[in-house]
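Colleague: Could you take me through how the helices of this model pack against one another, and what becomes of its cysteines?

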Amino acid sequence: MPLGLGRRKKAPPLVENEEAEPGRGGLGVGESGPLGGGGAGGPQMGLPPPPPALRPRLVFHTQLAHGSPTGRIEGFTNVKELYGKIAEAFRLPTAEVMFCTLNTHKVDMDKLLGGQIGLEDFIFAHVKGQRKEVEVFKSEDALGLTITDNGAGYAFIKRIKEGSVIDHIHLISVGDMIEAINGQSLLGCRHYEVARLLKELPRGRTFTLKLTEPRKAFDMISQRSAGGRPGSGPQLGTGRGTLRLRSRGPATVEDLPSAFEEKAIEKVDDLLESYMGIRDTELAATMVELGKDKRNPDELAEALDERLGDFAFPDEFVFDVWGAIGDAKVGRY
């Protein structure tokens, strides 16, 4: 059946096309449902956590990003459990943990903890800091925001496009959690839901954002990043294996992605940003896994409908994903 015939009508792109940049971020692991985890599983419900005997007994070192002694955590299988272990180690409420970065204490969206953790990666936990309320006049359809989420109910700003509406509002920064829009709470919403709400705000009107920024260390107080390309800065972790966190089933220790998989995931993540205004490497990895053995775009479309149907991907997006996977297979990077 040709692509687009026989499939239910797809929703239009959620947010404006923006300049896509590869990144490591995109969370979307953890439990799905009201608290909004599970990028790869989308809005589907996950299975109960596996028994402790099935969980990898790996020990990771962690610190609070604004400064703390080093803690040790183990025995987690998804992002929500990871945040719980971090909170337990530092005697914090779990809800205070906003997101984690790997091998840097800075709010670096290219080092955002996603669906995989290198076995020697050092985890820095960013906790809630100052709350702020900002009025924004939507002078253009495109606000210039890319949204991601932490896999446990918090959506936050991953990238701000240079020269955009939001770029001119210096109170708004990368890493800010979006708590509410015009008084409507967004706690528990997924990234694509927040992106849709921002897209649907009428042009030519003012709206209010309630934000929480991550608590900053002294050397980060003047920092306001627009988000950059990966590959910059030192890497502390050098482990060849990774712990893959899953929304359903136990975490598993795997080899690092192949060159093909790594490039394909990067290209699909770019497409997610371009079409939907979100970044989610776990979701991108799932799409690559679903598509790498498919013989044509129709088979890919059927697989995406079956596994990720609630995202309502547009047909043109599916074509582009098929092309990106094919390009990566033959080395057209």
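Modeller: Let us begin with one pair of helices, H3 and H4, whose crossing is right-handed. Please keep in mind throughout that this is a predicted model.

Colleague: Which residues of H3 and H4 make the contact, and how many of them are nonpolar?

Modeller: On the side of H3 the contact is made by Phe 260, Ala 264, Ile 265, Val 268, Asp 269 and Leu 272, and on the side of H4 by Thr 281, Leu 283, Ala 284, Ala 285, Met 287 and Val 288. Sorted by class, this contact has 1 charged residue and 1 polar residue, while the number of nonpolar residues is 10.

Colleague: What word describes how H3 and H4 lie relative to each other?

Modeller: Helix H3, residues 259–276, packs against H4 at an angle of about 120°, and their axes are 8 Å apart. An angle from 65 to 115 degrees would count as roughly perpendicular and one over 145 as roughly antiparallel. H3 and H4 are therefore described as oblique.

Colleague: Moving on along the chain, at roughly what angle do H4 and H5 cross?

Modeller: The crossing of H4 and H5 is right-handed, and the two helices are oblique to each other. The axes of helix H4, residues 281–291, and H5 come within 9 Å, and they cross at roughly 135°.

Colleague: Which residues of H5 take part in that contact with H4, and how many charged residues does the contact have?

Modeller: H4 contributes Leu 283, Thr 286, Met 287, Leu 290 and Gly 291, whereas H5 contributes Leu 300, Ala 303, Leu 304, Arg 307 and Leu 308. By class, the contact has 7 nonpolar and 2 polar residues, and the number of charged residues is 1.

Colleague: And how do the residues of the contact of H5 with H6 divide by class?

Modeller: Helix H5, residues 297–308, and helix H6, residues 315–329, have axes that come within 10 Å and cross at roughly 115°, in a right-handed crossing. The contact is made by Pro 297, Leu 300, Ala 301 and Leu 304 of H5 together with Val 318, Phe 319, Val 321 and Trp 322 of H6. These residues divide into no polar, no charged and 8 nonpolar.

Colleague: How many disulfides are found in the whole structure?

Modeller: A disulfide would need a pair of cysteine sulfur atoms within 2.5 Å. When the whole structure is searched, the number of disulfides found is 0.

Colleague: Is Cys 189 buried or exposed?

Modeller: Buried means under 20% relative accessible area, and Cys 100, at 1%, counts as buried. Cys 189 has a relative accessible area of 17%, so Cys 189 is buried.

How values were computed: Residues are numbered from 1 along each chain as its sequence is written. This is a predicted model: local features need pLDDT of at least 70, side-chain atom pairs count only at pLDDT 80 or more; totals for chains, interfaces and linings use all residues. Side-chain values use heavy atoms; hydrogens and water are left out. Axes are lines fitted to C-alpha atoms, for helices over the stretch in contact, and angles run from 0 to 180 degrees between N-to-C directions. Helices (H or I, at least four residues) and strands (E, at least two) are DSSP runs, numbered from the N terminus. A crossing is left-handed if the near helix is turned anticlockwise from the far one by less than a right angle, and right-handed if clockwise. Contact means heavy atoms within 4.5 Å. Ala, Val, Leu, Ile, Met, Phe, Trp, Tyr, Cys and Pro count as nonpolar, Asp, Glu, Lys and Arg as charged, and the others, Gly among them, as polar. Angles under 35 degrees count as roughly parallel, over 145 as roughly antiparallel, 65 to 115 as roughly perpendicular and the rest as oblique. Buried means under 20% relative accessible area, exposed over 50%, partly exposed in between (1.4 Å probe, protein chains only).
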